[in-house]
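Here's a walk through one protein chain, taken a piece at a time. Keep the viewer open and follow along.

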Amino acid sequence: MRCTRAFPVLSTTVLMSVGIAMAVPAAARADAAAVPCSAASLVAAVTTTNDAGGGVITLAAGCTYNLTSAYNSSLTQGPDGLPAISTVITFEGDNNVITRTGSANFRIFRVTDTGNLTLKGVTVSNGSAKALLGLLPANGGGILNFGALTLTNSAVKNSKATGTGGGVHSGGAGAAATFTGSTLSGNTAVGNGGGLYNASTATLTSSDVSGTNKGAHGGGIASVDGILTVTSTPVSGNAATVAAGGIYRQSGTMTLTSSPVTANNPNNCTGSVPAVPSCVG
C-alpha cells in the first residue's frame, strides 16, 4: 500500500516576507517604535543601537528629553550626557529637544572617530562642556565631533564650552560636519568659535548662524586649518571678545556664497589671516 503525505504550500507573500526579513541586517531591523519621553529611555536607546552596530532612533513626537546627569566622563574631554556615538546612528526627530537640566556640567553628544551622527528635526540645547574639576578647557558645549556629523532641520542652542566650539566643535583626521536648514544660536565659548569651531571640514547650506553666539575669535564661526563652505547662510548678530565677531579664519580654505556676514561685534571678520572672502569689516 502506498502512503501519501500532504505538505502545506507557502504563499508567495509569506516566502517573500521571510526572505526580506532574513536579508535585512540586524542594525536596520531595530525597533522603529518611538523612544519613550525620558532620559533613561534615550540613554538605553543609544546604548542598544551602538551595540547593534548602528541604526535609527525614532524620538517621541514633541518630546523634550531632559538630561540631569552625565552618562560618562573624561579627564581631558569632560563629561557627556549621552553614550558616545561610535557607530552610524540617525535620530529621527519630530520637533524634539535634547537638553541639559540642573547644575551638572556636561555636553549633550560626543561623536568618536568611528561614529556618524545624523540629527533630523532635533534641537540640542544647554550643553556645558567643562573638563573634570575644571582644570582643563573642554570643547564642544553642545556637540563634540571627531567623526561625521549631519544636522538637517535641526539646531544647537544656548550651549557653552570652556574651550572652543560653544555649540559645536568638529576636528580630527577625517572629521566632517554638515548643516542643512539648521541653526546655531546663543552659544558661547571661552576660546574660539562661539557657534562652530571647525578644524576639519564643515559645510553649511541654507542655515543660520546668529542670535548672539560668542567666542574669543569667531563669535559665529572659527575655522582653523580647515575647509569651510558656507552657502545661503547668514552670519549676523554674533560677538567676539577679541576680534572677528562673525567669522574667524586661520589658514585653511574658505568659500562663502550668498552668505552675508553682517552686524557682528566688534567687527565681522577683521583679524582673520588670510581674509574671509566676501566679508567686509
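Does N145 count as buried or exposed? At 0% relative accessibility, N145 counts as buried, because anything under 20% falls in that class. Keep in mind that this is a predicted model.

## The overall picture

Let's zoom out for a moment. The protein chain has 2 helices and 23 strands. It runs to 281 residues, and 48% of them count as buried. The accessible surface comes to about 12100 Å², with 58% of that belonging to carbon and sulfur atoms.

The contacts reach a long way along the sequence. Take the pairs in contact that sit at least 6 residues apart: 77% of these contacts join residues at least 24 apart.

## Around N145

Back to the residue we started with. N145 belongs to strand 7, which covers residues 143–145. Its side chain reaches the backbone oxygen of A176 at a distance of 3.3 Å. Leaving out residues up to four places away in sequence, N145 touches V111, H169, S170, G171, A175 and A176. So A176 turns up twice, as the partner of that side-chain approach and in the contact list, and N145 itself is buried at 0% relative accessibility.

## V111, on the other side of that contact

What does V111 touch, once residues up to four places away in sequence are set aside? The list is I85, N116, L117, L144, N145, F146, G147 and A148. V111 is found in strand 4, residues 109–111, and is buried, with a relative accessible area of 0%.

There's a sequence-distant partner to look at here too. V111 and S86 are 25 residues apart in sequence, yet their C-alpha atoms are 6.4 Å apart in space.

## T150 in strand 8

Next up is T150, which sits in strand 8 (residues 148–152). With 23% relative accessibility, T150 counts as partly exposed. Its contacts beyond four places in sequence are L117, T118, L119 and T178. L117 is also on the contact list of V111, which makes L117 a handy residue to click on when moving between the two sites.

L119 deserves a second look. T150 and L119 are 31 residues apart along the chain, and their C-alpha atoms are separated by 6.3 Å.

## Helix 2 and its two faces

Helix 2 has 13 residues and reaches 18 Å from its first C-alpha to its last, close to the 18 Å expected at 1.5 Å a residue. Its buried residues are L42, V43, A45, V46, T49 and N50. They cover an arc of only 160° around the axis, which puts them on the same side of helix 2.

What covers that buried side? The cover includes strand 1, strand 2 and strand 3 (88–100). The face turned away from it carries the exposed residues A40, T48 and D51. After the helix comes G53, which has a positive phi, near 95°.

## Two disulfides

How many disulfides are there? The count comes to 2. With the bonded cysteines numbered in sequence order, the pairing is 1-2, 3-4.

C37 and C63 form one of them, with their sulfur atoms 1.9 Å apart. The torsion about the S-S bond of C37 and C63 is about 85°, so this disulfide is right-handed. C37 lies in the loop between helix 1 (12–23) and helix 2 (39–51), while C63 lies in the loop between strand 1 (54–58) and strand 2 (64–67), so the pair ties together parts that are 26 residues apart in sequence. The two ends sit in unlike surroundings: C37 is partly exposed, with a relative accessible area of 47%, whereas C63 is buried at 4%.

A disulfide also joins C269 to C279, again with an S to S distance of 1.9 Å. The torsion about the S-S bond of C269 and C279 is about 90°, so this disulfide is right-handed as well. Both cysteines lie in the segment after strand 23 (261–262), so the pair ties together parts that are 10 residues apart in sequence. Both C269 and C279 are buried.

Notes:
Residues numbered from 1 in each chain as written. Predicted model: local features only at pLDDT ≥ 70, side-chain atom pairs only at ≥ 80, totals over all residues. Heavy atoms only, no water. Helix = DSSP H or I, 4+ residues; strand = E, 2+ residues; numbered from the N terminus. Buried < 20%, exposed > 50% of the residue type's maximum accessible area, 1.4 Å probe, protein only. Polar contact = N/O pair within 3.5 Å; in protein donor to acceptor, adjacent residues only side chain to side chain. Contact = heavy atoms within 4.5 Å. Disulfide = S-S within 2.5 Å. Expected span 1.5 Å × (residues − 1). Arc of directions from axis to C-beta. Areas by Shrake-Rupley, 256 points an atom, 1.4 Å probe, with all protein chains shown as cover.
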